[in-house]
Amino acid sequence: MKVKPLKVIKYLIPILFLALLGIFLAKWSDVKKVDLVSNKSQEFEKAVVTEVITDNLQEDGSRVGNQEVKVKFLSGKRKGKVVEAVSTNGSLYGATCYKGLKVVTLTNQSGEVTVTSVYSLNREPFIYGFIGLFFLLLCIVGGKNGLKAVIGLVITFILVLLYLFPAIYRGMSPVNAAVITVILTTIITIFVLTGYTRKSLAAILGTISGVIISGIAAWLFGEISGISGYNVSNIDNLVSVANCTNIKIGDLLFAGILISSLGAVMDVGLSVASTITEIHDVNPELNTGELFKRGMNVGKDMMGTMANTLILAFAGGSLSELLLDYAYNLPYLQIVNSYTIGIELMRGVAGSIGIILTVPLVSLFASVLMKI
C-alpha cells in the first residue's frame, strides 16, 4: 500500500508541533517559587481510620466537639504506622470518621512533639472517578468526536497549568499571557476537532476575535466604572503574594475574563462556521452575501441562549454572596454600586458581547473562505 506524502505531512506536522510544545512547556513550567509559607513542619498524607476512640455524636443526632480516632498511614514516610488523631467538627475541615474511612491527615511537628489531625475525607478517588465518568460519556455519546473533545480538554488544562500560571508568575502581563493561551487553545482544540479546513480557520479567527473583544469590553467598563483587579475580594492575599513575586495582580481580573469567555465563544464560533460549511456543501451556488445571511440567521438563534448561559454561570458562581445581600435586605444603591456586583456584571456582559460579535465575524470569515 502506497502512502501519500500529503497524508504523512498532515499527521506529521501536528505531532511535531505538539512535541515541541511539550518540550517548551516542560522547561517553561520549571519555575522556582518563593516560599510564602513555611510548611516544612507540615505533612499531608493518606490514611485510613482504624478505630474511633471518642465519638462526638449527641443523643439528638447532632455532632458537637471533636472526634478522637486512630488512623493508619497509607502513604509517606510513616506508611503503615498507627497514631491517634483529632477530627474537628467543622464545615471546611475535618470529617465524620468511622472505622474504614479513608481520609487525608495533617501532621504538624515541632521539635519532639508531633500532632496529627484529620484534614478531610480523601476525595481524590471520587474526583478522578467523576472526571473519568464525564470523559467516558463524552466518548460513548460523541464517538470519535467525543474522543477528540477529550483530547482538546486535556490540552487546554495543560496549557493553563503549564503555560498560563508560570507566565503570570514569571512577571508577564496576565492579559498577554491569557491572549496567548486563548490563541493556542483555540487553534489546537478546533484543529483537533475538525482538522485542517476552511471551516476551522473561520472558527479560529472568529473565536480569537470574539474573546479579545470580550477582554476589551471588560477593560473599557472597568476604566469607566473605576473597577480594576485591585477590587476583588481576595486582594489582601494577592497583594501579599505580589510583594514577594513578579505577579502583576492588576490585570488578573481581565485575564480571567478572557479565559472564562473562551468556551462559550468557541462554541458559537464553531457552530456558525459548521453551519455555513454545510449550507455551502449542499448548495455551492450561494454567493458570499447569501452564506453570510444564513450564518447570521443561525447565529441569532444562538446569541440569546449562549449569552444567558454565560451570565447565569457567573451569577451561579457568586450565588452565596448574592443571597447574603438579599437576606440582609441591603439598600439598592449599596448593592448596585458594590464592587462585587460590578465585577460579576462586567464578567457576564463582557463575555456576552464577545459572543454576540463573534456571530457576524465568523459568518464573514466563513462565507468569504467558502468562496475562495
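This text walks through the confidence, two pockets and one helix pair of the structure above.

The model is predicted. Confidence comes first. The chain has a mean pLDDT of 88. Of its residues, 97% reach 70 or more. Among the elements of the chain, strand E2 (residues 67–73) has the highest mean pLDDT, at 94. H1 has the lowest, at 81. Keep H1 in mind, as the next feature involves this helix.

Now turn to the largest pocket. Its volume is about 690 Å³. The lining consists of 19 residues. Closest to the pocket centre are Tyr-11, Pro-14, Phe-191, Val-192 and Tyr-196. Three helices each give two or more residues to this lining: H1 (5–28), H2 (124–170) and H3 (174–194). Which of them gives the largest share? The answer is H1, with seven residues. This is the helix with the lowest mean pLDDT among the elements of the chain. By class, the lining of the largest pocket has 14 nonpolar residues. Two polar and three charged residues complete it.

The second largest pocket holds about 450 Å³ of space. Here 17 residues form the lining. Leu-164, Phe-165, Pro-166, Ile-168 and Leu-252 are the closest to the centre. H2 and helix H6 (252–282) each supply at least two lining residues. H2 gives the most, with seven. H2 is also among the helices that give two or more residues to the lining of the largest pocket. By class, the second lining has 14 nonpolar, two polar and one charged residues.

From this pocket, follow H6 to its contact with another helix. H6 packs with helix H10 (residues 339–370). Their axes lie 8 Å apart. The angle between the two helices is about 30°. How is H6 oriented relative to H10? Angles under 35 degrees count as roughly parallel, so H6 is roughly parallel to H10. The crossing of H6 with H10 is right-handed. In this contact, 17 residues are nonpolar. Nine are polar and one is charged.

Taken together, these features can be traced helix by helix. Start at H1, which supplies seven residues of the largest pocket's lining. Move on to H2, which supplies seven residues of the second largest pocket's lining. Then take H6, which also supplies at least two residues there. End at H10, which H6 passes in a right-handed crossing.

Methods
Residues are numbered from 1 along each chain as its sequence is written. This is a predicted model: local features need pLDDT of at least 70, side-chain atom pairs count only at pLDDT 80 or more; totals for chains, interfaces and linings use all residues. Side-chain values use heavy atoms; hydrogens and water are left out. On a 1 Å grid over the protein atoms alone, a cavity is a set of points where a 1.4 Å probe fits but cannot get out, and a pocket is an open set with protein on both sides within 12 Å along at least five of seven lines; lining residues have an atom within 4 Å of a point. Grid points are joined across faces, edges and corners, and a volume is the space filled by probe spheres set on the points. Helices (H or I, at least four residues) and strands (E, at least two) are DSSP runs, numbered from the N terminus. Ala, Val, Leu, Ile, Met, Phe, Trp, Tyr, Cys and Pro count as nonpolar, Asp, Glu, Lys and Arg as charged, and the others, Gly among them, as polar. Axes are lines fitted to C-alpha atoms, for helices over the stretch in contact, and angles run from 0 to 180 degrees between N-to-C directions. Angles under 35 degrees count as roughly parallel, over 145 as roughly antiparallel, 65 to 115 as roughly perpendicular and the rest as oblique. A crossing is left-handed if the near helix is turned anticlockwise from the far one by less than a right angle, and right-handed if clockwise. pLDDT is the predictor's confidence in each residue, from 0 to 100.
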